[in-house]
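Student: I have a model on my screen and a list of labels to question. Can we take them one at a time?

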Amino acid sequence: MKKKTRIFAFLLFALLSFSYGQDIPESILNKGIYEFLDEMASEKIININNACKPYSKALIAEKLNQINNQQPQLNKRQLKELSFYLQNYNLELNAPDSLYQYNIIKNKQLHASFSPFGIFYADSLFRFAVRPIWGIKYYHAIDSKMYHQWGGAEMNGYVGNHIGFYVSLTDHTQNKPLSSPGIITQEQGATLKGEATNNYSEIRGGITYSWNWGSIGLIKDNPQWGEGYNGTNILSGRTQSIAMVKFNMKPTKWFEFNYFHACLSSNIIDSSRSYI
């Protein structure tokens, strides 16, 4: 029995070692790229499963390549957005452009660069990117003014063809809580000791191992399952990021399996039980 187990483990390891794949999630808060891909899917330029998010950066790069091959079908605004996103996902595309400066060192290609979007580095084994994060939302009504400001940095990288890692840290400031049980909005919520708060930090990150038909990872992120622009019907993704073990499998074009194991405290009493 032990011999059969060793043989199975060896065959599995060999299968994964000679396959290719990389999986680093793109935050669902980066709504621009998700809306762009949804638009391209609605125009039948690409085909994508939008029921399970976040997408991996590698998947987004693959879809951007497909869109790039259909440029005659795009209008001027779509072409500008495509050019912008191709530049942002250059690390996954492995397609050098004006961002990179090249040097040949001992017959090995080495490139690194600084750009308005961050710092990028790549060689034959290791690739990584460091980018700043900053944004602000401002709301103005007749009798009130509200704002939400956030800033931080993110880093993601790849080791070889299988291992990916990433970390993102942002600090959020609001002049008043924009999400709580008494406020129905699409904003991401945060709690401190069970109460809604207007100042909080958010960290996402993890490490993944991928092959050409699947991936497994230990990550902390915001899963969003279901379809809809005003709230998905399974998991909204509006909670703070949660730690999980995640598994994805797509052995064919017509079958995909997504699974994650996580624990989330909602601070809401289970209505199916009784309490004294």
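Tutor: Yes. Keep in mind that this is a predicted model. Start with the rings: ring pairs link Tyr121, Phe126, Phe128 and Phe165 into a cluster.

Student: How many aromatic pairs are there by this rule?

Tutor: The count comes to 12 aromatic pairs. One of them is formed by Trp211 and Trp213.

Student: What makes the pair of Trp211 and Trp213 edge-to-face?

Tutor: Two values. The ring centres of Trp211 and Trp213 are 5.3 Å apart, and the planes stand at 80°. Ring centres must lie within 6.5 Å to pair, and planes over 60 degrees apart count as edge-to-face.

Student: Why is Trp211 called buried?

Tutor: Its relative accessible area is 9%. Buried means under 20%, so the label fits.

Student: And why is Trp213 called partly exposed?

Tutor: Trp213 has 28% relative accessibility. Partly exposed runs between the 20% and 50% limits, so that value falls in the middle class.

Student: Why is the pair of Trp225 and Phe260 edge-to-face?

Tutor: The centres are 5.4 Å apart and the planes are at 80°, so the pair earns the name.

Student: What does the pair of Trp225 and Phe260 tie together?

Tutor: Trp225 lies in strand E12 (residues 224–225) and Phe260 in strand E14 (residues 255–262), so the pair ties together parts that are 35 residues apart in sequence. Trp225 is partly exposed at 22%. Phe260 is partly exposed too, at 21%.

Student: Now the helices. How do you know that the span of H3 agrees with what is expected?

Tutor: H3 has 12 residues, which should span 16 Å at 1.5 Å a residue. Its end C-alpha atoms are 16 Å apart, so the two agree.

Student: Which residues of H3 are buried?

Tutor: Lys57, Ile60, Ala61, Lys63, Leu64 and Ile67.

Student: Why do we say that the buried residues of H3 line one face?

Tutor: Seen down the helix axis, they fall within an arc of 165°, so they line one face. In general, an α-helix has 3.6 residues a turn, so residues three or four places apart point the same way.

Student: What do the buried residues of H3 pack against?

Tutor: H2, H4, helix H5 (90–93), strand E5 (126–140) and strand E6 (145–159).

Student: Take Ala61 in H3. Why does Ala61 count as buried?

Tutor: Its relative accessibility is 3%. The cut-off is under 20%, so Ala61 is buried. Leaving aside neighbours within four places in sequence, Ala61 is in contact with Tyr89, Glu92 and Leu93. Ala61 and Leu93 are 32 residues apart in sequence, and their C-alpha atoms are 5.9 Å apart.

Student: Which residues have the most contacts inside the largest nonpolar core?

Tutor: Ile33, Phe36, Leu37, Leu64 and Ile67, in a core of 20 residues. Helix H2 (31–42), H3 and helix H4 (76–88) each supply at least two residues of this core. The largest share, five residues, comes from H2.

Student: Where do the buried residues of H2 pack?

Tutor: Against strand E1 (52–53), H3 and H4. Among the buried residues of H2 are Ile33, Phe36 and Leu37. Leaving aside neighbours within four places in sequence, Ile33 is in contact with Glu26, Ile60, Leu64, Tyr85 and Tyr89.

Methods: Residues numbered from 1 in each chain as written. Predicted model: local features only at pLDDT ≥ 70, side-chain atom pairs only at ≥ 80, totals over all residues. Heavy atoms only, no water. Helix = DSSP H or I, 4+ residues; strand = E, 2+ residues; numbered from the N terminus. Buried < 20%, exposed > 50% of the residue type's maximum accessible area, 1.4 Å probe, protein only. Contact = heavy atoms within 4.5 Å. Core = buried A, V, L, I, M, F, W, Y, C linked by side-chain atoms within 4.5 Å. Phe/Tyr/Trp six-rings, centres within 6.5 Å; stacked < 30°, edge-to-face > 60°. Expected span 1.5 Å × (residues − 1). Arc of directions from axis to C-beta.
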